[in-house]
Amino acid sequence: MSKPKVPSLSWVDWKQTLHGFWPGKPKFTEDQYPSLKGKVVLVTGANSGVGYETIKSLAGSTKAKIYAFCRNEQKATEAFKKLKVELEKEYKVVNREIHFIQCDLGDLTAIKPAVEEFLSKESRLDIIIHNAGVMMPPPGSKTKQGFELQLGTNVLGPHLLQRLLDPIFIETSQKNNKGESRIVWVSSTAHLMAPLGGLYWEDLNFETTKKYSMRTKAMIYGQSKAGNIIQARTWPMKHDAPNVISSSLCPGYLSTGLQRYASRSEKFIYKYLLHNQRYGAYTELFAALSPDVKNRSHSISFGSPSHVRKDLEDEEANEKAWNFFNKVTDNYL
């Protein structure tokens, strides 16, 4: 078995990498957000990190009806109690309701029941933000279905969720103006560390890798984030939904719960390199709301248009990955 090959970075790739350290201030902020009155927004992983900041900004600045898909009900309940206090303090908004639905993206059998609960309550869906994810868990971590945890939780879970939501989402998009319906796939600049073509087909779970180095950890995480870019670029090619904008992004180099698996030395370094998680919401909401975002595009911190690694634009490679994502999730529709 050959070793996974990671393409050399071009100078624009290096420029994107360095941008994360000195991104400047966000330019698309709350005062520019549309009212979203009558709109329904769904955010996954919304009880912590960037997802939490995203729904707080939405709840404080818009009139959207917000659904939070989260894995842990107790943590979500505690988070939303804190959220109400912060909304009143920061935005002067009182009694703002966040609608919780339990959904574990690491278990494909748990996703359809969550969607069925959502569909029992709603007749429209305008914006989906696939925010939930894990980063660099302990070696050998897997989902309930036996996939490498990051590939399963960051890619396959959201893929199934989107497939199940497609009917209501596309139907809603037909009633919206062009660009009002959005799918936001939260990727990362770490996609630059993914294997050539995005996925390491010879060993998707990286089970035969003997040396679990920092490079390998970055490659496995990068594989999942390349998967999100492939989803963002391929979804529009597979659906007749001209009013929809599907895009990917790197929210920024942020201090969030994603670093919970980091070593002590890594956490020490992160302390001096990472930005406050609040800024990540500006990136996600730039992709979700800004009129400057284009279909199949990619954004970086904190709301700047950018690019993806060149090989991830290959339509044949994207088609292969998309077919694999479909095949895996077919049995859970």
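A residue counts as buried when its relative accessible area is under 20%, as exposed when that area is over 50%, and as partly exposed in between (1.4 Å probe, protein chains only). By that yardstick Phe324, at 18% relative accessibility, is buried. The model is a predicted one, so local features are taken only at pLDDT of at least 70 and side-chain atom pairs only at pLDDT 80 or more, while totals for chains, interfaces and linings use all residues. Residues are numbered from 1 along each chain as its sequence is written, and side-chain values use heavy atoms, with hydrogens and water left out.

The sheet is a handy place to start. Helices (H or I, at least four residues) and strands (E, at least two) are DSSP runs numbered from the N terminus, and two strands pair if DSSP finds at least two bridges between them. Eight strands build an open sheet with mixed pairing, in the order S3-S2-S1-S4-S5-S6-S9-S10. At its edges sit S3 (98–102) and S10 (304–305), each of which pairs on one side only.

Strand S5 (residues 181–186) has six of its six residues buried. In a regular strand the side chains alternate between the two faces of the sheet. Here both faces of S5 are covered, with Ser181, Ile183 and Trp185 buried on one side and Arg182, Val184 and Val186 buried on the other. Strand S4 (residues 127–130) pairs with S5 in the parallel sense over four bridges, and Ile129 stands opposite Val184. S5 also pairs with S6 (residues 244–249), again in the parallel sense, over six bridges; there Ile183 has Ser246 as its bridge partner. S6 in turn pairs in the parallel sense with S9 (residues 298–300) over two bridges, with Leu249 opposite Ser299.

Helix H5 (residues 149–173) joins S4 and S5 in a right-handed β-α-β unit. Right-handed here means that, with the strands pointing away from the viewer, the path from the first strand over the helix to the second runs clockwise.

H5 turns up again in the nonpolar interior. A nonpolar core is a set of buried Ala, Val, Leu, Ile, Met, Phe, Trp, Tyr and Cys residues joined through side-chain atoms within 4.5 Å. The largest one has 40 residues, and those with the most contacts inside it are Phe69, Ile111, Phe118, Leu125 and Trp235. Two or more residues each come from S1, S2 (65–70), H4 (111–121), H5, S5, H6 and H9, with H5 giving the largest share, 10 residues. Apart from this core lies another, of 35 residues, among them Phe28, Val43, Cys70 and Val184. As for Leu125, its contacts (heavy atoms within 4.5 Å) include Val40, Leu42, Phe118, Leu165, Ile168, Phe169 and Thr172, not counting residues up to four places away in sequence.

Aromatic rings come next. Rings of Phe, Tyr and Trp (its six-membered ring) pair if their centres lie within 6.5 Å; planes under 30 degrees apart count as stacked, over 60 as edge-to-face and the rest as tilted. The whole structure holds 12 such pairs. In one of them, Phe169 and Trp235 meet edge-to-face, 6.0 Å centre to centre with 75° between the planes. Phe169 belongs to H5 and Trp235 to H6 (residues 214–238), so this pair ties together parts that are 66 residues apart in sequence. Both residues are buried. Trp201 and Phe324 are also edge-to-face, at 5.5 Å centre to centre and 90° between the planes. Since Trp201 lies in the loop between S5 and H6 and Phe324 in H9 (residues 315–329), parts 123 residues apart in sequence are tied together. Trp201, at 32% relative accessibility, counts as partly exposed. Elsewhere, Phe21, Trp22 and Tyr253 form one aromatic cluster.

A few loop residues round out the picture. Glu30, in the loop between H1 (11–19) and S1 (40–44), is buried at a relative accessible area of 18%. Its side chain makes a polar contact with that of Tyr282 (3.0 Å); such a contact is a pair of N or O atoms within 3.5 Å, where within protein one must be able to donate a hydrogen and the other to accept it, and residues adjacent in sequence count only if both atoms are side-chain atoms.

Most residues other than glycine have a negative phi, and most peptide bonds are trans. Leu36, in the loop between H1 and S1, has a positive phi of about 60° and is buried. Lys92 also has a positive phi of about 60° but is exposed, at 67%. The peptide bond from Ser301 to Phe302 is cis, with omega near -15°.
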